[in-house]
Amino acid sequence: MQYLPIFTKLENKPVVVIGGGEVALRKCRALLKAKAQLTVVALHFHPDFYQFDSAQVTLLEAEFNPTQLTGAMLVIAATDNEDVNQAVFAAAEAQHIFVNVVDDQPRCSFIFPSIVDRSPVTIAISSAGTAPVLARRLREKLETLIPQHIGPLAELVGTFRDKVKARFSNLADRRQFWEQVFDSTVVSDVQRGDQVAATQQLEALLDAQPEPQGEVYIVGAGPGDPELLTLKALQLMQQADVVVYDYLVSDEIMELVRRDAELICVGKRMGDHSVAQEDTNNLLVKLAQQGKKVCRIKGGDPFIYGRGGEEVQELARHQVRYQIVPGITAAAGCSAYAGIPLTHRDHAQAIQFVTGHCKKDGQDLDWQSLAKPNQTLAVYMGVVKSPYIQAQLLAHGRGADTPVAIVENGTRANQRVVSTRLNELASTIEAHQIQSPALLIIGEVAALHKELAWFGNTAQTASFAQALTTVSHADTSVA
Ligand SMILES: C[S@@+](CC[C@H](N)C(=O)[O-])C[C@H]1O[C@@H](n2cnc3c(N)ncnc32)[C@H](O)[C@@H]1O
């Protein structure tokens, strides 16, 4: 992060602006919104400067001199003279005063962000000076997304802060109360402009003294690209007091959980079960019984090879409230981003999801059925057992030249797709040193990767350039 976003209170604080033209005028207007005490230094002033209240703005008709900055909190250089701007920058830096030289990012120790103003709610957007038009576009998007009544709502709840603090000494209880408020009719009352009803409803909620109730959200986070999260997943990740996660959840997705939520990693990599499943089940129950909102976040979909079923059974046994949020499973995500339709009228009429990693005492798979042609197998956790999977499918009659795609880190910026044939599956995995997580797509449709990936949605990963790299990896295939 190049600039730390902070909001400063400038009311009656000294700010110096060097420059008397239109740009300086715009900056002064922005600073006056925050009620700063301005000194403007210039040899000539745009006529509009004389409209300002002289109690708030002092006009100094003079050349720039470093002593003019003494005591200032912020300095803005808005002249069209490069030497003056440089002198202002140097003087401010020497005095450790935050300085902004307009349109000169290297000479800015602070920047003016694009602002969405729903006072008292203010959203500031910055591209650290690299792409102001992009920042402006984002602001426009947010302007349309964030309703106007957010400002009055924030004002109203602000008047209840002390009462709520007095009622709930515990931070988690207070947070739960506010969550309840924002899910209540208080919001729609404010939206309608009925402040009286909103206030009454807030008071009623406060009087009701709700018992803090724990809840567990079993959330599917998809295969890795954060844009594949559902809106509901994002909302619940933002509400949780505690987030219980495992390694399959990508770092980009973990960035989106509530900043101050407690994070508990329960491991789970192949061969590295840091926390036993029973312990995770017990942990979820215990946290919910403490009244916490727990987000149990899982890669892909929680109910597809995600042990979500076992966790929900345990919650139900202890009568803990829960919500389940489906996620995009690896087969759907990897196939889409690799340009492989899982079914296709010409090539595959059925799809089977299988795991290469069963419970120790689990039954073996129905190889007879899995080896049938014109169907697709999406094999989860199949890398280690690939020699066995290959041997069983061949032994049960699947053709040696059946196309296979191995998708490593599917949907992520470092996605790699390697194409091969069934009789070379294990050797290809070894030769390319395929790492977890990886999904095997076995069947006629896998051959379509080469045809479709070039123009397709592999570009949905971080950038098109990366997508091209991804596809060129795929071209190292042995098929
Ligand atoms: C324990 S299973 C979890 C599956 C998950 N619940 C789902 O619905 O995708 C883990 C396996 O899913 C597959 N997988 C998950 N995310 C993947 C990704 N981004 N790319 C490739 N395979 C992935 C791999 O086969 C991995 O070993």
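Helix α8 (residues 195-207) comprises 13 residues and reaches 18 Å from its first C-alpha to its last, close to the 18 Å expected at 1.5 Å a residue, the expected span being 1.5 Å times one less than the number of residues. The model is predicted, local features requiring pLDDT of at least 70 and side-chain atom pairs pLDDT 80 or more, whereas totals for chains, interfaces and linings use all residues. Residues are numbered from 1 along each chain as its sequence is written, and side-chain values use heavy atoms, with hydrogens and water left out. Helices (H or I, at least four residues) and strands (E, at least two) are DSSP runs numbered from the N terminus.

The buried residues of α8 (under 20% relative accessible area with a 1.4 Å probe, protein chains only; exposed is over 50%, partly exposed in between) are A198, L202, L205 and L206. Seen down the axis of α8, these buried residues fall within an arc of 100°, so they line one face of the helix, the arc being that of the directions from the helix axis to the C-beta atoms. On the other side of α8, V196, Q200 and D207 are exposed, while its buried residues pack against α4 (150-158), α5 (161-167), α6 (171-182) and α7 (185-192).

In strand β17 (residues 438-442), 5 of the 5 residues are buried, so the strand is largely enclosed by the rest of the structure. Strand β17 pairs in the antiparallel sense with β14 (residues 375-380) over 3 bridges and with β15 (residues 403-408) over 5 bridges, where pairing requires at least two DSSP bridges between two strands. L440 of β17 is the bridge partner of V379 and also of I406.

Definitions and conventions. Contact means heavy atoms within 4.5 Å.
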